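Visitor: Hi! Could you walk me through this structure?
Guide: Happy to. Let's bring it up and take your questions one by one.

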Amino acid sequence: MRAPSGRDISDERGAAREPGATGAGGPLPSWLAEPEGYEPARDRDAFIGKSMLSVAGVLTRLRVDDGREAPFSPSPAFKLVLGLACILMTSLAQNFVFVLLMLALVLVRACALPSSALRRVAGVSAGAAGVSLLVMLPAILLGQGHAPLLLGTKVLTTTAIALEVALTTPAHEMMRALSTFRVSEVVTLTLGLTLKYIVVLGTVALEMLEALRLRSVGRNDDKRASVGGVGGMLFLKSREAAEDVAAAMRCRGFDGRMAAPARGGLRAQDAAWAVGLALLACAFGYLQSLV
């Protein structure tokens, strides 16, 4: 058959026919006859799952353990002073009896905490003390067997004091206490924004890890690189969020000064805590004189 232009249409169709095809009733090409089923290699996502559980655990602690005051808790400003004074005296103490006295008081205070806060104080404090003891083990070989025990007990006590102050003081109350002591507005603003947006970034990280797990097909022998990519994307998103927050603050007329929250006054129970702090200071001075 010839077209009006004189070309042979049958030859063109034959040239366009796939190799191996013999016509309309001929056999199919080999690539078209292959099954379309795909069985990806099995793989475990334990690394991604553990990362997600870790991020979720941190978010849960940030959302739930915002700080809950006890009925006889002192005011936030005085609590901050009390915690810093106890940490300072414990760190400077050379008499092991005073360190044990502080540890006993910390344990008594920990007994009044909720179960979740008590587990957190015990776990973090014991971990910090264990690391310090491990670092100080060579001192035993040099004949300083008392030093590792003293340092480990100090780390255990001071860490527990810091955690107890943090877990019994809400974040906004801590900001109010810092403003009472004339802390720079830049520091207060930075801490406030960090506490607010670290939960947002943690949620974004959790969503990206979930997306990574859902899109993972087949076996991946380099999961750490994938999680590293998630970290890079999280950094970029945090930068974008920081720029958006800065632009929003400028649009709302922010001039670099943050309105200080209302300063909380002293409470009636602060007098009893002040007497206890004075007794601790007297005990510290007396026991230090015996060394």
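**A chat about the chain and one helix**

Guide: To start, 26% of the 291 residues of the protein chain count as buried. Keep in mind that this is a predicted model.

Visitor: How many helices and strands does the protein chain have?
Guide: The secondary structure comes to 12 helices and 0 strands.

Visitor: And what supplies the area the protein chain exposes?
Guide: Carbon and sulfur atoms supply 65% of the exposed area, which is about 19100 Å².

Visitor: Let's pick one helix. What are the buried residues of α5?
Guide: They are Phe96, Phe98, Val99, Met102, Leu103, Val106 and Ala110. Seen down the axis of α5, these buried residues fall within an arc of 160 degrees, so they line one face of the helix.

Visitor: Which exposed residues are on the face turned away from that buried side?
Guide: That face of α5 carries Val97 and Val108.

Visitor: What do the buried residues of α5 pack against?
Guide: They pack against four helices: α4 (76-92), α6 (115-135), α8 (146-167) and α12 (270-289).

Visitor: New topic: what span should helix α5 have?
Guide: Helix α5 has 15 residues, 96-110, and at 1.5 Å a residue they should span 21 Å. The end C-alpha atoms of α5 are 21 Å apart, which agrees.

Visitor: What does Asn95 do at the start of α5?
Guide: A side-chain oxygen of Asn95 reaches to within 2.9 Å of the backbone nitrogen of Val97.

Visitor: Back to the protein chain: what about contacts between residues 24 or more positions apart?
Guide: Those account for 81% of the contacts with a separation of 6 or more.

Definitions and conventions: Residues numbered from 1 in each chain as written. Predicted model: local features only at pLDDT ≥ 70, side-chain atom pairs only at ≥ 80, totals over all residues. Heavy atoms only, no water. Helix = DSSP H or I, 4+ residues; strand = E, 2+ residues; numbered from the N terminus. Expected span 1.5 Å × (residues − 1). Buried < 20%, exposed > 50% of the residue type's maximum accessible area, 1.4 Å probe, protein only. Arc of directions from axis to C-beta. Contact = heavy atoms within 4.5 Å. Polar contact = N/O pair within 3.5 Å; in protein donor to acceptor, adjacent residues only side chain to side chain. Areas by Shrake-Rupley, 256 points an atom, 1.4 Å probe, with all protein chains shown as cover.
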